[in-house]
Structure formats: structure tokens, C-alpha cells
Amino acid sequence: MTPFLDLKSINAQYRSELIEACTRVIDSGWYIGGNELTQFEQKFAAYCGTTHCIGVANGLDALILTLRAWLELGRLQPGDEIIVPANTYIASILAISANGLTPVLAEPDAASFNLSPANARAAITARTRAILPVHLYGQLADMPAIMALAREHGLLVLEDAAQAHGASISGKRAGSWGDAAGFSFYPGKNLGALGDAGAITTHDDQLAQTLRALRNYGSHEKYKNLFKGINSRLDEIQAAMLCVKLSKLELETQHRRALAAIYLQNIHHPGVQLPQVASSVQHVWHLFVIRTQQRAALQQHLATQGIQTLIHYPIPPHQQQAYQEWSGRSYPLTEAMHREVLSLPMGPTLSEEAALRAAAAVNGFNA
Ligand SMILES: *Cc1c(COP(=O)(O)O)cnc(C)c1O
């Protein structure tokens, strides 16, 4: 049996270090907003190559609070348009809606599944104020082109880096390209906590300061509230878990790359399209996503051989009940992807033998 992602075996590798870190927090008597959080924020900012990292409760809050901070700072106004890829995980779009801003969906690039700079350019109107590229499946969007477009039109850029910890172009990592970036440390992400957690990275001092208040009731100083903030904090236990996990991330990413190389070299099937990686991009393979017009049959075929696959994602955001106001719209490329994508097993504890077996099983599929 090859599970899609074996979280238990991932964390079991670091069991003694995680328990030690947990014990340290328990014995410290300090559980929110302490040394563990500061340590993690400093380490993760250094890892991404930014001056600031602000820990929050989850990845969705990281995106929501960044847009909220730009509203508080007067850089965005209610109703402003934000361009976002139509095929993203819905959280990117929810963050825009949650702030009374207007999501403008753009079709992705067919090769990378990421926001197409040309389609983003075509979506710009007089009300556009920001672009929210998503580094889907662990591959950076075309950030050089997106940043150039944003600078040309005076737009803010918020990266959704929830799937792309450590991904880079020319050595410059996810989280350091835009004006800010939101990360998720949901347990199944490449850098996963043992519960919910998230963070924002940025080079912007003023934004960082505003975010530190917004995550804590709008307050920098106890009982003095500058903003109508919320409670969205990354607690000490999760920060301590993340310090351990961050120290393992590069090795884990190398393993993901080795598995992806096995899939890319060994899967040969006329009905299966492999993911395409631009040569300048250092993919971190959060997911290994193939495309096929016979998805249900291939998924069933793999399941009978004990190989678990998942679909990221089955229903595009514009066809969700939550966005019924968009039900009449059509994004053909996005809709085709949602019909055809299938994610093969991928993770830091998946063996190379298991990846080879999965590749052989794909090759043995008779449509
Ligand atoms: C996981 C994810 C999020 C949300 O992160 P949570 O920590 O689950 O709130 C946002 N965007 C994308 C692309 C994601 O994959």
C-alpha cells in the first residue's frame, strides 16, 4: 500500500527532537508570544530572504491579514480589484472577499498551472490595485514578469506561498519576491506544524508592524488598541515544532526532487501529461500533478494496485456554491484542469522504490 502522504512517518523521524522541544515549552510556563515564536520568525525570515516574518494562526489568516493591513494603511480601498488565478485553492480568493475587495479571476498558464502574466495584464482595469499570484503545487509563478507588470502599473503583489516553502527562481525564494507573502504550515504542507499555523514574510517595516498589531487585537501594547484587530497567533508549541521541522526542510525538499525526477524519467504514457518545469525554476514538489482525460479510470487502476492518489482540486472556485454569483462564468482552461489533474504520491518519506512502482503502474494503465 502506497499512501498519498504519510504524515505519521514524517513526524516519527523527528520524534525525540519534537518531544524535547515540546517539553521545553511546557516547562517554560510561557505559551503565547514568547521566545519560540521569535526564534521561528527570525529563522524563517532568514530562510526566505526577507527582513520580517510574522507568525499567525494559519495560512488563510496570513493572506486575510496582509490585505487587511494594506486597507488600514490606506494602500487599498474597499472594492479595489485584486487579480488572482482562477484555478487556485479557494483560500486565496476567500482572503480577498473577506476584506470587501473584489477578486478578478485570470486563467492560468497552461504549462505551469500558475498565473499567466499575459492574462494578468489583460485583466487590469482602472480599479486594479494588487496581484495575488499563487505558487501552485510548489512551483513559483513567473515572478520576474509579474513583478515587472506590477511595478509598471503601481500594483501591490501578495504571494500565496502556502505550497512553495523554499521554491526559488535564480536562487530567490518564495516569499521574498512580492510586497508580502502568505505561508501556511498546515501539517500536510512542505513545512508542516503539528496543528494549524501560518506566517507572513515581507521586507516592509510598516506592514510588519501593522500585522503584529492586527494579529493581536490590533494592539502593540497591552490594552492599547490601534486597530479593530483579531486574535490570530502562532502559539509557542507550534513555533517550537516548526523550528525543528524547518531544520529538516532542505533535506526533505531534496528527497521530493529525487522522487519527482523518478516520475519524470519513468512515466511514459500517451494519455498522461507530465508537469512542466521551466529551467530557471527550483520546484519544491508540494504535489506531483499529472493530467489525463481518463482520470477516473486511471485513479481506479492505481487504487487497485494499492497506490493512493488525490485530486487538487476537483471543483474550481467559480463553480463553488460559495461563489454562486459567478456560476454563469466560464474559464475553460481552469475547468479542464479541474477535470484532468491527478496528484501522485509525494512526500519526504515516500521511498524511491515506491515512486518507481507508481510510475510503472501509470505506464501499465490501458485506457
Ligand atoms: C493550504 C493553502 C492555503 C491556506 O492555508 P491554511 O493554513 O490551511 O489556512 C492557502 N492557499 C493555498 C494555495 C493553500 O494550499
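## Strand β8, covered on both faces

Let us start inside this predicted model, with strand β8, residues 180–184. All of it is hidden: 5 of its 5 residues are buried, so β8 is largely enclosed by the rest of the structure. In a regular strand, side chains alternate between the two faces of the sheet. You can follow this in β8, where Ala180, Gly182 and Ser184 lie on one side and Ala181 and Phe183 on the other, and all are buried.

Which strands pair with β8? Strand β5, residues 156–160, pairs with β8 in the parallel sense over 3 bridges. To find this pairing in the structure, look for Asp160, whose bridge partner in β8 is Gly182. Strand β9 also joins β8, through 4 bridges, and these two run antiparallel. Here Phe183 has Ala199 of β9 as its bridge partner. Both senses are normal for a sheet: strands pair through backbone hydrogen bonds, either parallel or antiparallel.

## On to β1 through β9

Strand β9, residues 198–202, also leads to β1, residues 52–56: 5 bridges join the two, which run antiparallel. A handy marker is Val56, whose bridge partner in β9 is Gly198.

Is β1 buried or exposed? It is mostly covered, with 5 of its 5 residues buried. His52, Ile54 and Val56 sit on one side of β1, Cys53 and Gly55 sit on the other, and all of these are buried.

## A helix residue that meets these strands

Now find Thr66 in helix α4, which spans residues 59–72. Thr66 is buried, with a relative accessible area of 0%. What does Thr66 touch, if we set aside residues up to four places away in sequence? The answer is Leu158, Ala180, Ile200, Leu207 and Leu211. You have already met the strands that hold some of these: β5 covers residues 156–160, β8 covers 180–184, and β9 covers 198–202.

## Around strand β14

Another covered strand is β14, residues 288–292, where 5 of 5 residues are buried. Phe288, Ile290 and Thr292 point one way from β14, while Val289 and Arg291 point the other way, and all are buried. Notice that Arg291 is among these buried residues.

Strand β14 pairs with β12, residues 272–273, in the antiparallel sense over 2 bridges. In this pairing, Val272 has Thr292 of β14 as its bridge partner. Strand β14 is also joined to β15, residues 341–344, by 4 bridges, again running antiparallel. Across this pairing, Phe288 stands opposite Leu344 in β15.

## Ser343 and helix α12

Strand β15 contains Ser343, which is buried with a relative accessible area of 0%. How far apart are the C-alpha atoms of Ser343 and Phe288? They are separated by 5.4 Å, although the two residues are 55 apart along the chain. Leaving aside neighbours within four places in sequence, Ser343 is in contact with Phe4, Leu287, Phe288, Val289, Thr309, Leu310 and His312.

Helix α12, residues 332–340, belongs to this region too: its buried residues pack against β14, β15 and α11, which covers 295–304. Those buried residues are Thr334, Glu335, Ala336, Met337, His338 and Glu340.

## A sheet of 3 strands

Elsewhere, 3 strands form an open sheet in the order β7-β6-β13, with antiparallel pairing. At its edges stand β7 (172–173) and β13 (281–282); each has a single partner strand, so one side of each is left without a neighbour in the sheet. Strand β6, residues 168–169, pairs with β13 over 2 bridges. One pair to look for is Ser168 and its bridge partner in β13, Gln282.

## Stepping back

Finally, take in the whole protein, with its 13 helices and 15 strands. A compact globule of 367 residues would have a radius of gyration near 21 Å, and the protein has 21 Å, which agrees. Its C-alpha atoms fill a box of roughly 65 × 55 × 40 Å along the principal axes.

Of the 367 residues, 57% count as buried. Among contacts between residues at least 6 apart in sequence, 70% join residues at least 24 apart; Ser343 and Phe288, 55 residues apart, are in contact as well. The protein exposes about 15,200 Å², and carbon and sulfur atoms supply 52% of that. As for charge, the mean positions of the 28 positive and 30 negative charges are 2 Å apart.

Notes. Residues numbered from 1 in each chain as written. Predicted model: local features only at pLDDT ≥ 70, side-chain atom pairs only at ≥ 80, totals over all residues. Heavy atoms only, no water. Rg over C-alpha atoms; globule rule 2.2 N^0.38 Å. Buried < 20%, exposed > 50% of the residue type's maximum accessible area, 1.4 Å probe, protein only. Contact = heavy atoms within 4.5 Å. Areas by Shrake-Rupley, 256 points an atom, 1.4 Å probe, with all protein chains shown as cover. Lys, Arg positive; Asp, Glu negative; His and termini not counted. Charge placed at Lys NZ, Arg CZ, Asp CG, Glu CD. Pairing = 2+ DSSP bridges.
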